[in-house]
Amino acid sequence: MNENTEISCEDATMLVSEQRDSPITEEAAAQLQQHVAHCPYCAVAYKQFDSLFAQLGEMLGADKPVL
Ligand SMILES: [Zn+2]
């Protein structure tokens, strides 16, 4: 097993969307962070994805009655 396995941009993108649906493993999260830290493309994509889902969350949240 290689602990320093670098993931591809494809894997990183998959992990970003995957962690929205279900929690990913600490290992996967660490790999994702590591990739984003070194890959400018995924860093931008990650931020855009993050803010997009934040906006979606606000929109969906505003639609529901607050309990
Ligand atoms: Zn990348």
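I begin with the rule I need for burial: a residue is buried if 20 or more other C-beta atoms lie within 10 Å of its own, exposed if 12 or fewer, and partly exposed in between. I also note at the outset that this is a predicted model.

**Entry 1: tyrosine 41.** I looked up tyrosine 41 and found 11 other C-beta atoms within 10 Å, so this residue is exposed. Tyrosine 41 has its place in helix α3, which covers residues 40-63. I then checked its separation from cysteine 9, and although the two are 32 residues apart in sequence, they are 8.4 Å apart in space, C-alpha to C-alpha.

**Entry 2: the whole chain.** I asked myself how many helices and strands there are in the protein. I found 3 helices and 0 strands, and reading along the sequence I wrote down the pattern α-α-α. For burial across the protein, I noted that buried residues make up 9% of the 67 residues.

**Entry 3: the annotated span.** I turned to the UniProt record, where an unreviewed entry places the feature "domain: Putative zinc-finger" at residues 9-43. In the model, I found that span to be 86% helix and 0% strand, with its end C-alpha atoms lying 10 Å apart.

**Entry 4: α1 against α2.** I reminded myself that two packed helices are described by the angle between their axes and the distance between the axes. For helix α1 (residues 9-21) and helix α2 (residues 26-38), I noted that the axes come within 10 Å and cross at roughly 125°. That angle makes α1 oblique to α2, and I recorded that α1 passes α2 in a left-handed crossing. Which residues make the contact? On the α1 side I listed Ala12, Leu15 and Val16, and on the α2 side Ala28, Leu32, His35 and Val36. Sorting the contact of α1 with α2 by class, I obtained 6 nonpolar residues, 1 polar residue and no charged residues.

**Entry 5: leucine 15.** I next took up leucine 15, whose place is in helix α1, and asked whether leucine 15 is buried or exposed. I found 22 other C-beta atoms within 10 Å of leucine 15, so this residue is buried. Leaving aside its neighbours within four places in sequence, I found leucine 15 in contact with Ile24, Ala28 and Leu32. For leucine 15 and leucine 32, which are 17 residues apart along the chain, I noted a C-alpha separation of 7.0 Å.

**Entry 6: alanine 43.** Last, I looked up alanine 43, which has its place in helix α3. With 14 other C-beta atoms within 10 Å, alanine 43 is partly exposed. I also noted that the C-alpha atoms of alanine 43 and alanine 12 are separated by 9.9 Å, while the two residues are 31 residues apart along the chain.

Note on methods:
Residues are numbered from 1 along each chain as its sequence is written. This is a predicted model: local features need pLDDT of at least 70, side-chain atom pairs count only at pLDDT 80 or more; totals for chains, interfaces and linings use all residues. UniProt positions are given in the numbering used here, feature names are shortened, and annotations may be inferred rather than shown by experiment. Helices (H or I, at least four residues) and strands (E, at least two) are DSSP runs, numbered from the N terminus. Axes are lines fitted to C-alpha atoms, for helices over the stretch in contact, and angles run from 0 to 180 degrees between N-to-C directions. Angles under 35 degrees count as roughly parallel, over 145 as roughly antiparallel, 65 to 115 as roughly perpendicular and the rest as oblique. A crossing is left-handed if the near helix is turned anticlockwise from the far one by less than a right angle, and right-handed if clockwise. Two residues are in contact if their C-beta atoms, placed from the backbone, lie within 7 Å. Ala, Val, Leu, Ile, Met, Phe, Trp, Tyr, Cys and Pro count as nonpolar, Asp, Glu, Lys and Arg as charged, and the others, Gly among them, as polar.
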